[in-house]
Amino acid sequence: MPLHHTFCRSRSLFLPAVPARNVWAAIDHDAELPCNITAPSAQDAVKLVLWFKDSTGIPLYSLDSRSGVPITAAQHSTIANDLGQRLFFSVGATPSEARLQIRNIKPSDGGVYRCRVDYFDSPTRNYRVNLTLAVPPEEPRIFDTQGKEISTVAGPFREGHELFLSCQVSGGRPPPRVTWWRDGVEISNTSHPSAVEGTSAMVNQLFIHTVTRDYFGSKLQCRAAGSKLVPAVSKEVAIQVHLKPLRVKIVTPNELLTAGRPVPMRCEAWGSYPAAKIVWLLDGEPLRSADITTHTDSNDGNLTSSILNLRVTAGNDGAELACRASNAWFSGGGIEDKRTISVAYEPVVSVHLANEDPSRVITRSEGENVTLKCRADARPPVTSFSWYKNNMRMSGENGETLYLTQLERESAGSYACAASNTEGETRSSSLTLKIQFAPRCKPGTEQTSVGSLNMHSLHVKCEVEADPPDGVRFSWTYNNTRNVSPVLNSRISSHGLVSTMTHLPQSDSELVTLACWAINNVGRQTVPCLIHILPAKIPDTPRNCELHNDTVPEVVCQAGSDGGLMQSFLLEVVGGSAPLAYNLDFTRGPPTEIDNEISTMNDQATLAPLFRIQEQIPQFKLHSLEPGRDYQLLVYAVNAKGKSDPPFVIDKVRVGSALVPPYVDETIISEDPTPAETSHQDKQKQQSQMVMFAAVAAAVGVIITSIIVAGFVAICRLKRPKPPEPQEVRKRMRPARTDVPSMYAEDDVFDDEYQRQLDVRCSRASSTIRSSRYVSEGFVQYSQPSLNDPDLILPRGGDIEFTTLSAA
């Protein structure tokens, strides 16, 4: 008979009144549904086992032994769905232990399962199993008395007051049991359904009438447990309890205090949370502006300490010092500890002038005297005194009075005195002593050298230091090989501590020393500042010139001596001829002495430079060199005296490729371009020649006109009387009185005649920068300008001695 006909016929034999056995299971776990397949008699055997779910008529699982094979060898069949793949019927060791195993329970697996067992001879038996899924409850929710949900910390609760918390748990099958636990001990197990309509939650309300100190730092846990198949769920919250301070004490020993010296006073309060508020009182008045540090011990949260840096005065002797601890969460004045303090004080010191002048800044001039006194008030009395200058103790000064005689510039500074007794040493505030001094040369400018050009006026600067700096007046003297003369005020321009004098050299060989004097309210400068006027020279030729092959060719040289004048640097580009049989990118044959001499003389004599570049430093960028041509580079140094000779020569310079972008630098001061021949230039060659002819004709006309004008000017000058020689003018301008020093009055005439002035750079005497030369002091003399001193006539004859200035 087919299996489905058997199902239909057997279905009529099913009795719905068969009691169901309840089996609990948890989701994602395994379950076993029992089915006893024991035959009613020993001669009978199982023919067919079928499993159904709920009211479905199609079996989920079958075990077919109708062919007569033993039940252990019967064929297993299951429905082709997810549930069927997780089913297996185990016969077990005995027929009574047979069961249907369901792996990995899903929420949809719950329901009533029916096991039908057919025998060969005995009637069919049916068993019902109710598979109930155990569902864990939701996470407990904890609320305070205001109905506010608590997440991590409950409270704060005050010591001695009540505590109330409510734990509510929703969901779960079977309904959970809600309990309260503290430190692993159950403290409340009474739970009941929620009284709120529409909710199916279980609630446990915890009420503690009096919160004791041992609740501080503890945790409470609400736990909900249903079936043993699923773990219990819980939520834990920390309990915050505020505590009263139990005890307060000033723990610093009650020793003798020193006035004015901070003493740390420590007070400790125990038992308070949050940290106790500690207030210090002196004679009942809070110390509001005192330096107080409060600290809570991390190991013992109930310990709070406060450190007061107490600074008392002599008037606080016998005062009452109190430390009060309180907690703002509790009413009442708190608790306090008191003590009486005793004060001794070290000297109270001040320094002042002996005449009781209260000024803190004293101004004196060099050479004067000052007396300072140290005043001290101390108990016990002062045993010793000491004096300080600029915070450094002065040796040998241990009296109450300090005498400063014959003041010098170095005497300036801040002065203080100190007094000692058994309580310690106290230093007074400082009194500042300022020393005014006569002018003196600014360090490094005592002697300088300046190059000069004949009949070209130059400006010479003198700079001094002085105190007071206001009202400084300058005067200059002119010292040459003949005499010493004062310089007219019209030649002097002074501002502050700087004076500038205009000097007009009379000849290229004249050696002059200018002496600069300054005076202020303190006195006159004792040693003048000297400026030696030396004949300027043509600058030295630049040296060590190198050609760098970068993006743009560049020539870099080292500057030589400037000859005493401001110098600039000139590069001339000569050549541009077609290359020889060799091919080089940038070539500079090492110029021998013969090569330099021949090429320089030949190029300068026969070839005009293509263009020139002038720079303030010996560095030149070459933007206009054409590729494939040979060039010669000549480098000069130039000042107002002339151009260095010979130049530094760089031969055989050639650009291997075109420069991009090709342009002429703005520093090129003249140019004679030699462009490459192109087809476009050939077409315009005739037109260019016509323009050149016209330019030459115009130039010839200008030259002829200039010659004619120069002739007329020469004739006019021949008819004018010859001007007197400078020596004659000097004699005429010399005063008739022999006791008045001479002065070059003709300088004004020279200024009117020569409008062009040359900026001259002064070079300081320094062995590390440049060796300067000056006239020996044994030869050139200087003096302060005076209308009573005669002219100083310098010795004639013999060579003038030069010496190198030391780096002073």
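**Exercise 1. Find how the side chains of Glu336 and Arg324 meet, and state where each residue lies.**

Solution. The side chains of Glu336 and Arg324 form a salt bridge, at 2.8 Å from N to O, where a salt bridge is a side-chain nitrogen of Lys or Arg within 4 Å of a carboxyl oxygen of Asp or Glu. Glu336 belongs to strand S28 (residues 335–340) and Arg324 to strand S27 (residues 320–326), so the pair ties together parts that are twelve residues apart in sequence. Helices (H or I, at least four residues) and strands (E, at least two) are DSSP runs, numbered from the N terminus. With a relative accessibility of 32%, Glu336 counts as partly exposed, and Arg324, at 33%, is partly exposed as well; buried means under 20% relative accessible area, exposed over 50%, and partly exposed in between (1.4 Å probe, protein chains only).

The structure is a predicted model, in which local features need pLDDT of at least 70 and side-chain atom pairs count only at pLDDT 80 or more, while totals for chains, interfaces and linings use all residues. Residues are numbered from 1 along each chain as its sequence is written, and side-chain values use heavy atoms, with hydrogens and water left out.

**Exercise 2. Describe the salt bridge of Glu346 with Arg261 and the burial of its two partners.**

Solution. The closest N and O atoms of Glu346 and Arg261 are 2.7 Å apart. Glu346 is in strand S29 (residues 343–353), whereas Arg261 sits in the loop between strand S21 (257–259) and strand S22 (263–270), so the pair ties together parts that are 85 residues apart in sequence. Glu346 counts as buried at 13% relative accessibility, while Arg261 is partly exposed at 36%.

**Exercise 3. Place Asp82 and Arg86 in their salt-bridge network.**

Solution. Begin with the pair itself: Asp82 forms a salt bridge with Arg86, their closest N and O atoms lying 3.1 Å apart. Asp82 is partly exposed, with 42% relative accessibility, but Arg86 is buried, with a relative accessible area of 8%. Widening the view, Asp82, Arg86, Lys106 and Asp109 are linked in a network of salt bridges, and a search of the whole structure finds 22 salt bridges.

**Exercise 4. Identify the residues with the most contacts inside the largest nonpolar core, and the strand that supplies its largest share.**

Solution. A nonpolar core is a set of buried Ala, Val, Leu, Ile, Met, Phe, Trp, Tyr and Cys residues joined through side-chain atoms within 4.5 Å. The largest one has 29 residues, and those with the most contacts inside it are Leu33, Ile37, Val49, Trp51, Phe89 and Leu131. Strands that each supply at least two residues of this core include S1 (20–26), S3 (46–53) and S9 (125–134), and the largest share, four residues, comes from S8. Not counting residues up to four places away in sequence, Val49 touches Ile37, Tyr61, Ser62, Leu63, Phe89, Cys115, Arg116 and Val117, a contact meaning heavy atoms within 4.5 Å.

**Exercise 5. Characterise the surroundings of Gln221.**

Solution. Gln221 is located in strand S18 (residues 219–225) and counts as buried, at 16% relative accessibility. Leaving aside its neighbours within four places in sequence, Gln221 is in contact with Thr179, Trp180, Trp181, Ser234, Lys235 and Glu236. For the chain, the secondary structure comes to seven helices and 57 strands, and buried residues make up 39% of its 808 residues.
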